[in-house]
Each structure stands twice: as C-alpha cells, then as structure tokens.
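Please describe how the sheets and helices of this model are arranged.

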Amino acid sequence: MIIMSVESSCDETAVAITRDGREVLADEIYSQIDIHTLYGGVVPELASRCHISVISRLAESALKAAEISRSDIDAVAVTCAPGLIGAVLVGVNFAKSAALALGVPLIPVHHIRGHIAANYIAHPELEPPFTALVISGGNTLIAEVKDYTELHILGSTRDDAAGECFDKTARVLGLGYPGGSKIDALAKGGDALKYHLPVAKLDNPYDMSFSGLKTAMINLVHNAEQVGAELDKPSLAASLCKAISDSIVPRAVEAAKSLGHTKLAVAGGVAANSFIRGELERAAAEAGLKLYLAPLKLCGDNGAMIGCQGYYEYLAGKRAGTDLNAWATMPADSLLF
Ligand code: KG4
C-alpha cells in the first residue's frame, strides 16, 4: 500500500511517500529555519504562509523522487494535531484536496504517534508493546505503546517541553534558533557538573516539568550580565543537557521496568541530543532494556513518520472525511484517534 503523507505542524513542511508503513520511497522536507532565524523563534503566521508556498512543489518532488505517478497513491495521511493551528490547517487542507482529487482515503494522524512511528522505519524488527519516550520542541511524554494505534500516557511535562527549555536557553545565550543542536555542540567542551540546576520532582513519578529549569537558566544568564560576571558557556550548556537528561532518562527507564517491557523507544527532535543519547544508552544497558533510537534525520519532524503511522491507523480502520479539522492541542491517546 502506497501512502502520500503530509506534515506541517510547525516549521518544517514535509511530504513523503511510503510503502506498507516501513519503506520510505521519498521524504521531502523544506525547513523554514532561515525565515524564523531573524526572530529567534518560530513566527506562527510566517510558518503558515511558508507551508502554503512550498507544499504543492514538495508533493510533486516527492512523486518524482519515489518514481511513482499520482495513480499509484492508495491513500493520503496527514498530521491533524497537535501543532501551530494555522500551520496544521495548511497540511490538512492540502491533504484533503489531494485525497479528494485522487479519489483515495484520507487518514488522520496524531503528530506524536508519528514521532514514535519513526522508530518503526529505523528498526524494522520493532513491534509493540514497548515504552516510548517522546522529547520534542512542543511535547515531552512517556507512553505505554500497547499496540500500533493504542497508547496509554504514563506521564508528561506539566508545563514546557524539553525542547522549549533548550531553545529559550540558546536564545538568552545568543546562540540563535533552533537552539537545541547549538547547545548540544557547545556542551561538547563543557563540564556537566559545574552548574547545579533544578530538576523538578512531582507527585506522579512519570510527570516532568521544565519551566523552572528554563527560568533558572534565564535568570542565571541575566544575573551574570548585570554584574559583569563571565559565564563558562560550554559548561552551562553541558549542565543543562545533564539536568534535562536527569529529568527524563531515569523516568523513562523506570516506566519500562514497571510495565515489564524489554524495549524502550525514543523519539522527537531532542532525541538527537548527544548527551541524552549517551545517558539513555548507559541507563538502558544497566536496566537490561533494548534501546531504540531513531537516526538524527528521523528524530525531527518529517513526513515519512506520518506515512508510517498512517499505514497502521489505516489498518485499524481510521478514516477522515472532507470535514476533517485541525487541533492545536490533543492528547496522543485521545479517543478521536
Ligand atoms: O520534533 P521536533 O523537530 O519538533 C516538534 O515536534 O516539536 O523537535 C524540535 C526540537 C527543538 O526544540 C530543537 O531545539 C530540538 O528539537 N533539538 C535538539 C537537538 N536537535 C533538535 N535539542 C537538543 N539537542 C539536539 N541535538
């Protein structure tokens, strides 16, 4: 089954062609980094306008790269939640029109489920059940993946996502946007034990919180500026990576152990962080868990992951009509999906 999939929930416009959920025939991505860099973060209206400009061209180039014609497409899958609402609406509208014009089914896909599915592409042997840790720019959660389309969320951030904490710290340090990869690179020359940063503890052992850490980073930088103190930026970046890692890695490993799972899959843009990847490898090995990490190109937003999850949603009977809407927020285990 060949699926054309569309992703436009934030600042990447993506159209992919996948076969039977696991094989990627084309994965076209247009990154809007250059547009938003000027503002130090994503400007929602500019993101929506850019999606509109490039989406049709991306679909054409995906067909060309996959060496298929329009009549080969069996279904169209699209991210319809969560994300910047104007941005998601562009993808949803495009996918609706494509499905209508081609006379094929339309499959609604939850963005977070798509992130988890990136691991099915990277690891053909991976099958549910397993524990998933999703760490991205807008979401941070730990879920029990019971089946391809059945999730149970054990815990999530109560406020900011881990990626938001990386991005805002990078901004206040003058590193620019997107900040996560820049903090990652800067941290390489730093001492992760130099700065003691807060790691929140909450009633639910699997819930997390990053807003206090974000505020602590901003205050630390501003206070140093006010008194003219020199900051050891590489060590500050390394200490931030450690604080975020200390918040998520033990919780994810503990969740997998408590569920009796032997597999832990990690997904989302922040999963590209080298310190966190190292800590996950160490902690998973210590706990006897098999760790599944997606390659860097599948960690961030992409269309292939939506096509992969779309295939399993299709098999589970999920379909959308021409009245499909978009949602800025929606839990990954919502009954709508
Ligand atoms: O998954 P993603 O592409 O978008 C969402 O679905 O949110 O994640 C983007 C986030 C951004 O916050 C970005 O700074 C972060 O992933 N990120 C990283 C790294 N690469 C991307 N964070 C830490 N270390 C990295 N190497």
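Helix H2 (residues 44–66) lies across strand E1 (2–7), strand E2 (12–19) and E3, running at about 150° to E3, where contact means heavy atoms within 4.5 Å and angles run from 0 to 180 degrees between the N-to-C directions of axes fitted to C-alpha atoms, for helices over the stretch in contact. Helix H11 (residues 304–315) packs on the sheet as well, touching E1, E2, E3, E4 and E5, and its direction makes about 125° with that of E1. This is a predicted model, in which local features need pLDDT of at least 70 and side-chain atom pairs count only at pLDDT 80 or more, while totals for chains, interfaces and linings use all residues. Residues are numbered from 1 along each chain as its sequence is written, and side-chain values use heavy atoms, with hydrogens and water left out.

Helices (H or I, at least four residues) and strands (E, at least two) are DSSP runs numbered from the N terminus, and two strands pair if DSSP finds at least two bridges between them. Two sheets are listed here.

| Strand order | Strands | Pairing |
|---|---|---|
| E3-E2-E1-E4-E5 | 5 strands, open | mixed |
| E8-E7-E6-E9-E10 | 5 strands, open | mixed |

In the second row, strand E8 (150–156) and strand E10 (290–293) stand at the edges with a single partner strand each, so one side of each is left without a neighbour in the sheet. Strand E6 (residues 130–135) runs antiparallel to strand E7 (residues 140–147), joined by 6 bridges, and helix H9 (residues 274–287) lies across E6, strand E9 (263–267) and E10, at about 160° to E10.
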